[in-house]
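Let's take a friendly walk through a structure you haven't met before. Have a look at it first, and then we'll go through it piece by piece.

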Amino acid sequence: MTSFLQNIVNALQWGSFYALIALGYSMVYGVLMLFNFAHGDIFMVGAYIGFFVSTGLVALSALGALTLPSWLILTLTIIVAMFLTSFVGMLVERIGYRPLRGAPRASAAITGLMIGIILETGNLALLGAQRVSFPALIESVTYNIGGVFVTNKKVLIVVVSLLLMFALHQFVQRTKWGMAMRAMAVDFVVVPLMGVPLNTIAALTFALGSGLAAAAGILFGVAYPVLDPYMGILFGWKAFVAAILGGRGSILGAALAGFLLGFIEIFVAAIFPSTLRDLIAYSIILLILTFRPHGFFGEAYSAKLRL
Amino acid sequence: MLLSVENLHVSYGQIKALHGINFHIDEGEIVCIIGANGAGKSTTLRAISRLVPVEKNSRMTYTGLNLLDYSADKVVSELGISHVPEGRRLFGNLTVMENLKLATFARKDNAQIAQDLVRVFAIFPRLKERMTQKAGTLSGGEQQMLAVGRAFMSGRKVMLLDEPSMGLAPLLMMDVFNALKEINAEGTTILLVEQNARLALQFAQRGYVLETGSVVLEGNSDDLLTNPEVKKAYLGG
């Protein structure tokens, strides 16, 4: 029983990473009908931006130029890195995808993969091959709750992730920009007839997704403080799977599927040899998709892209 | 002349949809474009709304401004030319209220927006009853009301209407057209595109007849209604 609960705690943490990244995938797919295959690398860029921001703030604190408690440094890091990474996302949309809006879908997919490679190798060229370590901003405290070990970091990761998801949900449901995003998901062509500038909404969608990916990157850095230029690839693919599993453009679906992915991975690893983890975990997901090809909340409609 | 279209050419790939058509609308008018399926009626409206690219030498001006300088969303938000598209194209996953609100996306005149909303609900009381319902659950008639209401909210110097009668029972159709008359009487200029030529000509003051991408006839509605060619081709004898 305790090991079961322990696995749940771990699954919640991994699920948080997947869910935050999957949201960006899902939103971009829902609103713009394209898979941003560079999204995993945006997560990496976000983690690195977080690394620079936090390292800078820590250095300033050490010099005595600033006196910031470490929790404030972490908060500032998350906010500033989310903000900066959202610009990276908008840049990707502006340069990579906007010129291809009328082009076949495959062109956008290829572009996405190329942008990913550019971000990875660009990082490698700028910073070299050695990994960087994320500053330890909060001291790890472990609580023993009836034999289940919960660290303050795990709690922080799950709570911050849930808060961000809630904030996103509110934004999409309650603001006019969110309304425009939802409208674009069902009828791309008619949205300008409402006086809504498509490009603004496209940029906003990328900005939101990239900001969440940055948050995931920093939270990952808090838990596993070693960053490398290729860290986004596997995360990106897994989050992509979660986005598909959640259903096209469904925020709730992407979040739930992200957590489910975390659960499946952790529990498969708990039962089977860990070398079989991904094989079994993704076979299960393939099976789910066989029965629910549109995912949990996806509908069998396709957005109107033509007049 | 409020809106003037000269030498409008539009192609979809290799297929020419409009072969240089000319027409104009004066302020406060109701003008219709009639013609068979595929004559280029919808394309004409989409060209004005800047949803489809036009070919070189096409000229479209609105109060002297070059329409080609405006993007699709600016045609609505800056010029006030709204468009009720063919097949209504509501956002089915949004509520009735959200559909109406989305249409005011670029507007900043909040007091006027509130007034306009009251006006829409006065014209179409059914929409008020269904305010919180998803647009996808409305009946065909209600959907057309919402499509018109949405256009009313987005900008209403000019309203472009693409087949508003499509799929509506006669009574509902009359409701919608009576509402449009009211909206026109309050100062909105209307350009209507219809396959139902009799209905359109009874509603409009002037009309243009479009055949395979060219204007073949134009005139006052009364003249067109009694024109033998129009009678034969579009009014069932």
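What follows covers the two chains in turn, and then the place where they touch.

One thing to keep in mind from the start: this is a predicted model.

**The two chains at a glance**

Here are some overall values for each chain.

| Chain | Helices and strands | Span along principal axes | Buried residues |
|---|---|---|---|
| Chain A | 10 helices and 4 strands | about 60 × 50 × 40 Å | 49% of 307 residues |
| Chain B | 10 helices and 10 strands | about 45 × 40 × 35 Å | 47% of 237 residues |

**Chain A**

Reading chain A from the N terminus, you meet its elements in the order α-α-α-α-β-β-β-α-α-α-β-α-α-α. How does its radius of gyration sit with that of a compact globule? For 307 residues such a globule would come out near 19 Å, and chain A has 19 Å, so the two agree. Contacts that reach far along the sequence are plentiful here: of those between residues at least 6 apart in chain A, 80% join residues at least 24 apart.

**Chain B**

Chain B has a radius of gyration of 17 Å, and the globule rule gives 18 Å for 237 residues; the values are close, so chain B is as compact as a globular protein of that length. If you take its contacts with a separation of 6 or more, 67% are between residues 24 or more positions apart.

Let's start with an open sheet in chain B, where 4 strands line up in the order 2-1-4-5 with antiparallel pairing. Which strands sit at its edges? They are strand 2 (15–25) and strand 5 (65–66) of chain B, and each of them pairs on one side only. Further in, strand 1 (residues 3–12) and strand 4 (residues 59–62) of chain B run antiparallel and are joined by 4 bridges. To pick out a pair, V5(B) has M60(B) in strand 4 of chain B as its bridge partner. Helix 1 (residues 41–48) of chain B lies across strand 1, strand 2 and strand 4, and runs at about 70 degrees to strand 2 of chain B.

Now move along to strand 7 (residues 158–162) of chain B. Is this strand enclosed or open? 5 of its 5 residues are buried, so strand 7 of chain B is largely enclosed by the rest of the structure. Both of its faces are covered, with V158(B), L160(B) and D162(B) buried on one side and M159(B) and L161(B) buried on the other.

Strand 7 of chain B also has parallel partners. Strand 6 (residues 81–84) of chain B is joined to strand 7 by 4 bridges, and S82(B) has M159(B) as its bridge partner there. Strand 8 (residues 189–194) of chain B is joined to strand 7 by 5 bridges, again running parallel. In that pairing, D162(B) stands opposite V193(B).

Helix 6 (residues 140–154) of chain B is worth a look too. At 1.5 Å a residue its 15 residues should span 21 Å, and the end C-alpha atoms are 21 Å apart, which agrees. Helix 6 of chain B is also mostly covered, as 13 of its 15 residues are buried.

**Where the chains touch**

Finally, how many residues of each chain take part in the contact between chain A and chain B? On the chain A side there are 16, and they contact 22 residues of chain B. The chain A residues that touch chain B divide into 12 nonpolar, 1 polar and 3 charged.

Methods:
Residues numbered from 1 in each chain as written. Chains lettered and ligands numbered in written order. Predicted model: local features only at pLDDT ≥ 70, side-chain atom pairs only at ≥ 80, totals over all residues. Contact = placed C-beta atoms within 7 Å. Nonpolar A, V, L, I, M, F, W, Y, C, P; charged D, E, K, R; others polar. Pairing = 2+ DSSP bridges. Helix = DSSP H or I, 4+ residues; strand = E, 2+ residues; numbered from the N terminus. Axes fitted to C-alpha atoms, helices over the stretch in contact; angles between N-to-C directions. Rg over C-alpha atoms; globule rule 2.2 N^0.38 Å. Buried ≥ 20, exposed ≤ 12 C-beta atoms within 10 Å, placed from the backbone. Expected span 1.5 Å × (residues − 1).
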